[in-house]
Amino acid sequence: CSSDQISKLLKQLTVYTLKHFSTEESYMVEFNYPEFQYHKEEHQDFSTKTHAYCKRILNSDYQTAHEILEYLKNWLVKHFLEADKKSTEYCNKSELK
């Protein structure tokens with residue numbers, strides 16, 4: 001991957017995640033999810049880290065590519081399988097009441 005391709009992918013990922021996070025957070029607020037603040041902080045940390053990676057790529061730090069991909073893969077898998085699953089289960093239970 002070239003730095004331009006990585007930069008483009010990161011921008012697309014950022015747009016997607018911001019939309020996903022916003023939607024997810026609105027559901028958590030609606031259902032009074034007790035761990036909302038912690039979950040939102042995870043989203044903010046992710047956004048901050050990916051923004052820093054974008055800046056590094058734009059400054060031609062090609063060695064960052066592997067680090068970026070590893071971080072994204074690990075964070076997204078862990079977040080989706082743990083935090084998102086937990087919040088979804090809570091909202092589904094709350095909706096049944």
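**Exercise 1. Classify Asn32 as buried or exposed, and describe its backbone.**

Step 1. Take the accessibility. Asn32 has 59% relative accessibility, so Asn32 counts as exposed. The cut-offs are these: buried is under 20% relative accessible area, exposed is over 50%, and partly exposed lies in between, with a 1.4 Å probe and protein chains only.

Step 2. Place the residue. Asn32 sits in the loop between helix 1 and helix 2. Helices are DSSP runs of H or I with at least four residues, strands are runs of E with at least two, and both are numbered from the N terminus.

Step 3. Check phi. Asn32 is not a glycine, yet its phi is positive, about 50 degrees. Most residues other than glycine have a negative phi.

The model is predicted: local features need pLDDT of at least 70, side-chain atom pairs count only at pLDDT 80 or more, and totals for chains, interfaces and linings use all residues. Residues are numbered from 1 along each chain as its sequence is written, and side-chain values use heavy atoms, leaving out hydrogens and water.

**Exercise 2. Describe the overall fold of the chain.**

Step 1. Count the elements. There are three helices and zero strands.

Step 2. Order them. Along the sequence the pattern reads α-α-α.

Step 3. Give the extent. The C-alpha trace spans about 50 × 20 × 20 Å along its principal axes.

Step 4. Add burial. The chain has 97 residues, and 35% of them count as buried.

**Exercise 3. Test the length of helix 2 and list its buried residues.**

Step 1. Compute the expected span, which is 1.5 Å times one less than the number of residues. Helix 2 has 23 residues, so 33 Å is expected.

Step 2. Compare. The end C-alpha atoms of helix 2 are 33 Å apart, which agrees.

Step 3. List the buried positions. In helix 2 these are Phe36, His39, Glu42, His43, Phe46, Thr50, Tyr53, Cys54 and Ile57.

**Exercise 4. Find the salt bridges and say where each one sits.**

Step 1. Apply the rule. A salt bridge needs a side-chain nitrogen of Lys or Arg within 4 Å of a carboxyl oxygen of Asp or Glu. The count is three.

Step 2. Take Lys86 and Glu35. Their closest N and O atoms are 2.9 Å apart. This pair links distant parts of the chain: Lys86 is in helix 3 (residues 64–96), Glu35 is in the loop between helix 1 (3–30) and helix 2 (36–58), and 51 residues separate them. Lys86 is partly exposed at 43%. Glu35 is partly exposed too, at 30%.

Step 3. Take Glu70 and Lys73. The closest N and O atoms are 3.5 Å apart. Both residues are in helix 3, three residues apart, so about one helical turn separates them. Glu70 has 31% relative accessible area, and Lys73 has 44%.

Step 4. Take Glu82 and Lys78. The closest N–O distance is 3.2 Å. These two are four residues apart in helix 3, again about one helical turn. Glu82 stands at 46% and Lys78 at 49%, each partly exposed.

Step 5. Explain the spacing. An α-helix has 3.6 residues a turn, so residues three or four places apart point the same way.

**Exercise 5. Characterise the largest pocket.**

Step 1. Define it. On a 1 Å grid over the protein atoms alone, a cavity is a set of points where a 1.4 Å probe fits but cannot get out; a pocket is an open set with protein on both sides within 12 Å along at least five of seven lines, and lining residues have an atom within 4 Å of a point.

Step 2. State the volume: about 180 Å³. Grid points are joined across faces, edges and corners, and the volume is the space filled by probe spheres set on them.

Step 3. Read the lining. Among the lining residues are Tyr33, Glu35, Trp75, Lys78, Glu82 and Lys86. Helix 2 and helix 3 are the elements giving two or more residues. Helix 3 provides the largest share, six residues.

**Exercise 6. Identify the largest nonpolar core.**

Step 1. Define it: buried Ala, Val, Leu, Ile, Met, Phe, Trp, Tyr and Cys residues joined through side-chain atoms within 4.5 Å.

Step 2. Give the size. The core has 14 residues, and those with the most contacts inside it include Ile6, Phe46 and Trp75.

Step 3. Assign the helices. Helix 1, helix 2 and helix 3 each supply at least two residues. Helix 3 gives the most, six.
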